[in-house]
Amino acid sequence: MKKKWLIGFLLIAGVLVYFLINKEDINKKPENKNENVSVETTGILENIYPIAGFKERITKKSFGDFISPKNSPVQPERFAGFHTGVDIEYGDVEGDVWVVAVCDGEIVLRRWVSGYGGAIGLKCQINNIDYYLVYGHLSTNSIIEKTKVTKGEKLAILGKGFSQETDYERKHLHFGISQNSLDLRGYVQNKNELGKWIDPLTTELFY
Ligand SMILES: [Zn+2]
C-alpha cells in the first residue's frame, strides 16, 4: 500500500515540476535583438555599437589575445603581441559596411596608417576621462569630413579586403579604446602596457 502512495506522490510531483518549467519558458523575455541593429536606424535605438553585428562577429581576435605568426587564427600573420582591441569580421559581406560613432566626440585623426589602412581616431570624454577610439581598416575616401560627431553618426565604410584601404588585411574592423591619449598600436609587447586600453566588448561606458 505504501508503495502505491509513493508512486502516486512522485507522479503528481513530476506533473507539477513539468508545468513549472513550462511556465518559466512562457515568461521568458525575448532576447535583446539590438546587437544586430542596422546602422541605418542609428540614433533611434538605445544601444549604438561601432558596427552592425558587433558582438557576434568578433570571431578571430578578441581584446588581449596574444597573437604570434605561429598561433594566429589569421594566416599568414605579420603581427605579434597582445591585441589592443577587437576585430569584427566581414569577409562574408560584399556591400558597404558602415562604422558608427559610439559617443559624442571629436575626430582627432583621419588618415592612412600603416597596419590599418584608413583609420579614424575619435576622442570622447566620459566622466572627465578622455577616451580615444581607434577604427581601423576603413576606406580612406569615405571618412566623413566634419570634426564634431554625435553618437550614432556614420563615420566611414570598411575598406575593401586585401587592398591598400585595409593595408592588405582582410575585410574587418579593428576597434580599440585607449585612455588619456591616442595610441595607434594594435599590439603591445607586454601585459602591463595593455592596461592603457579597455575591452571594447565588455565595457559599459559607451553602449
Ligand atoms: Zn585588430
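The following paragraphs describe the predicted model shown above, from its overall layout to individual residues.

Because the model is predicted, local features are reported at pLDDT of at least 70 and side-chain atom pairs count at pLDDT 80 or more, while totals for chains, interfaces and linings use all residues. Residue numbers start from 1 along each chain as its sequence is written.

The protein chain contains 2 helices and 12 strands; helices (H or I, at least four residues) and strands (E, at least two) are DSSP runs numbered from the N terminus. In sequence order the elements form the pattern α-β-β-β-β-β-β-β-β-β-β-β-α-β. Of the 207 residues of the protein chain, 30% count as buried. Here a residue is buried if 20 or more other C-beta atoms lie within 10 Å of its own, exposed if 12 or fewer, and partly exposed in between, with C-beta atoms placed from the backbone. Contacts join two residues whose C-beta atoms, placed from the backbone, lie within 7 Å. Among the contacts in the protein chain with a separation of 6 or more, 60% come from residues 24 or more positions apart.

The strand pairings come next. Strands of a sheet pair through backbone hydrogen bonds, either parallel or antiparallel. In this description two strands pair if DSSP finds at least two bridges between them. Strand E10 (172-179) is mostly covered, with 7 of its 8 residues buried. E10 pairs with E3 in the antiparallel sense over 5 bridges, and within this pairing Asp87 has His174 as its bridge partner. Antiparallel pairing also links E7 and E10, over 6 bridges; here Tyr135 is matched with Phe175 in E10. E10 further pairs with strand E12 (residues 197-198), again in the antiparallel sense, over 2 bridges, and Ile177 stands opposite Ile198 in E12.

Strand E5 takes part in two further pairings that can be followed in the model. With E6, strand E5 pairs in the antiparallel sense over 7 bridges, and Val113 has Gly117 in E6 as its bridge partner. The hairpin of E5 and E6 has 3 residues between the strands, and in this hairpin Gly115 takes a positive phi near 95°. Strand E8 (residues 148-149) is joined to E5 by 2 bridges and runs antiparallel to it; Glu106 is partnered there by Lys148.

A separate description applies to the open sheet of 3 strands, whose order is E1-E2-E11 with antiparallel pairing. Its edge strands are E1 (66-67) and E11 (187-188), each of which pairs on one side only. E1 is joined to strand E2 (residues 81-83) by 2 bridges, and Ile67 has Gly81 in E2 as its bridge partner. The loop between E1 and E2 holds Pro76, which is joined to Gln75 by a cis peptide bond with omega of about -5°.

In soluble globular proteins, nonpolar side chains tend to be buried together. A nonpolar core is defined here as a set of buried Ala, Val, Leu, Ile, Met, Phe, Trp, Tyr and Cys residues joined through C-beta atoms within 7 Å. The largest such core has 36 residues, of which Ile51, Val99, Ile120, Leu133, Tyr135 and Leu155 touch the most other members. Strands E3 (85-89), E4 (98-100), E5 (105-113), E6 (117-126), E7 (129-138), E9 and E10 each give two or more residues to this core. E7 gives the most, with 6 residues. Leaving aside neighbours within four places in sequence, Ile120 is in contact with Ile107, Leu109, Arg110, Tyr135, Leu138, Ile143, Leu155 and Ala156.

Several loop residues complete the picture. Asn127 lies in the loop between E6 and E7 and has a positive phi of about 50° although it is not a glycine. Asn127 counts as exposed because it has 6 C-beta neighbours inside 10 Å. Asn180, in the loop between E10 and E11, likewise is not a glycine yet has a positive phi, of about 75°. With 10 C-beta neighbours inside 10 Å, Asn180 therefore counts as exposed.

Gly161 is located in the loop between strand E9 (154-157) and strand E10. Gly161 is partly exposed because 16 other C-beta atoms lie within 10 Å. Not counting residues up to four places away in sequence, Gly161 touches Gly91, Thr166, Arg170 and Lys171. The C-alpha atoms of Gly161 and Leu138 are separated by 9.8 Å, with the two residues 23 apart along the chain.
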